Amino acid sequence: MPLMVLACQMCPKQVESTFYALVMAVINLGYLISYWIGGLLTIWFNVSSENFSNFWILIVISCAWPLLTLLYLLVLPKESRLGLKSVQ
């Protein structure tokens with residue numbers, strides 16, 4: 001939710017709905033790609049309903065990947081560049 005608020009504040013005037021649609025399309029594309037990658041990893045590690053020998057590897061990847069994506073927070077613009085007032 002905070003990322004959506006930041007995205008709405010960054011969008012130009014008179015194109016809010018277009019920008020929101022673009023953001024939602026990117027989010028949905030991310031979900032689709034994550035489902036595909038999860039399926040490919042399941043096939044690649046040979047995990048099935050009878051074989052759970054490599055399932056622990058999938059669990060480790062599933063837990064570690066969101067933590068790695070937190071590094072993208074360093075790429076977000078600083079508040080001073082946006083000209084937003086801080087709430088205290």
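Q: Ala, Val, Leu, Ile, Met, Phe, Trp, Tyr, Cys and Pro count as nonpolar, Asp, Glu, Lys and Arg as charged, and the others, Gly among them, as polar. By class, how many residues of each kind line the largest pocket?
A: The model is predicted, with local features needing pLDDT of at least 70 and side-chain atom pairs counting only at pLDDT 80 or more, while totals for chains, interfaces and linings use all residues. Residues are numbered from 1 along each chain as its sequence is written, and side-chain values use heavy atoms, with hydrogens and water left out. On a 1 Å grid over the protein atoms alone, a pocket is an open set of points where a 1.4 Å probe fits, with protein on both sides within 12 Å along at least five of seven lines, and lining residues have an atom within 4 Å of a point. By class, the lining of the largest pocket comprises 22 nonpolar, five polar and no charged residues.

Q: How much space lies in the largest pocket?
A: Rolling a probe the size of a water molecule over the atoms shows where empty space is left. Grid points are joined across faces, edges and corners, and the volume is the space filled by probe spheres set on those points. For the largest pocket, this space is about 1100 Å³.

Q: Which residues that line the largest pocket are the closest to its centre?
A: The lining of the largest pocket consists of 27 residues. Of these, the closest to the centre are G30, Y31, W65, T69 and Y72.

Q: Which element gives the largest share of the lining of the largest pocket?
A: Helices (H or I, at least four residues) and strands (E, at least two) are DSSP runs, numbered from the N terminus. The elements that give two or more residues to this lining are α1 (2-10), α2 (16-44) and α3 (55-69). The largest share, 10 residues, comes from α2.

Q: Which pattern does the protein follow when read along the sequence?
A: The protein has four helices and zero strands. Read along the sequence, its pattern is therefore written with helix symbols under the DSSP assignment. That pattern is α-α-α-α.

Q: How far does α2 reach from its first C-alpha to its last?
A: The expected span of a helix is 1.5 Å times one less than its number of residues. With 29 residues, α2 is expected to span 42 Å. Its computed reach is close to that expectation, at 42 Å.

Q: What is the phi of N46, which follows α2?
A: N46 lies in the loop between α2 and α3. Its phi is positive in a residue other than glycine. The value is near 60°.

Q: Is Q14 buried or exposed?
A: Q14 is found in the loop between α1 and α2, and has a positive phi of about 75° although it is not a glycine. Buried means under 20% relative accessible area, exposed over 50%, and partly exposed in between (1.4 Å probe, protein chains only). Because its relative accessible area is 74%, Q14 is exposed.

Q: Which residues does L58 touch, not counting residues up to four places away in sequence?
A: L58 lies in helix α3 and counts as buried because its relative accessibility is 9%. Contact means heavy atoms within 4.5 Å. By that criterion, L58 touches L41, T42, F45 and V47.

Q: What distance separates the C-alpha atoms of L58 and T42?
A: T42 lies in helix α2 and is partly exposed, with a relative accessible area of 27%. Leaving aside neighbours within four places in sequence, T42 is in contact with V47 and L58. L58 and T42 are 16 residues apart along the chain, and their C-alpha atoms are separated by 7.3 Å.

Q: How far apart in space are L41 and I61, C-alpha to C-alpha?
A: L41 is found in helix α2. Not counting residues up to four places away in sequence, L41 touches L58 and I61. L41 and I61 are 20 residues apart in sequence, and their C-alpha separation is 9.5 Å.

Q: What angle lies between the planes of the aromatic pair formed by W44 and F45?
A: Rings of Phe, Tyr and Trp (its six-membered ring) pair if their centres lie within 6.5 Å; planes under 30 degrees apart count as stacked, over 60 as edge-to-face and the rest as tilted. A search of the whole structure finds two aromatic pairs. W44 and F45 form a tilted pair, 4.9 Å centre to centre, and the angle between the planes is 45°.
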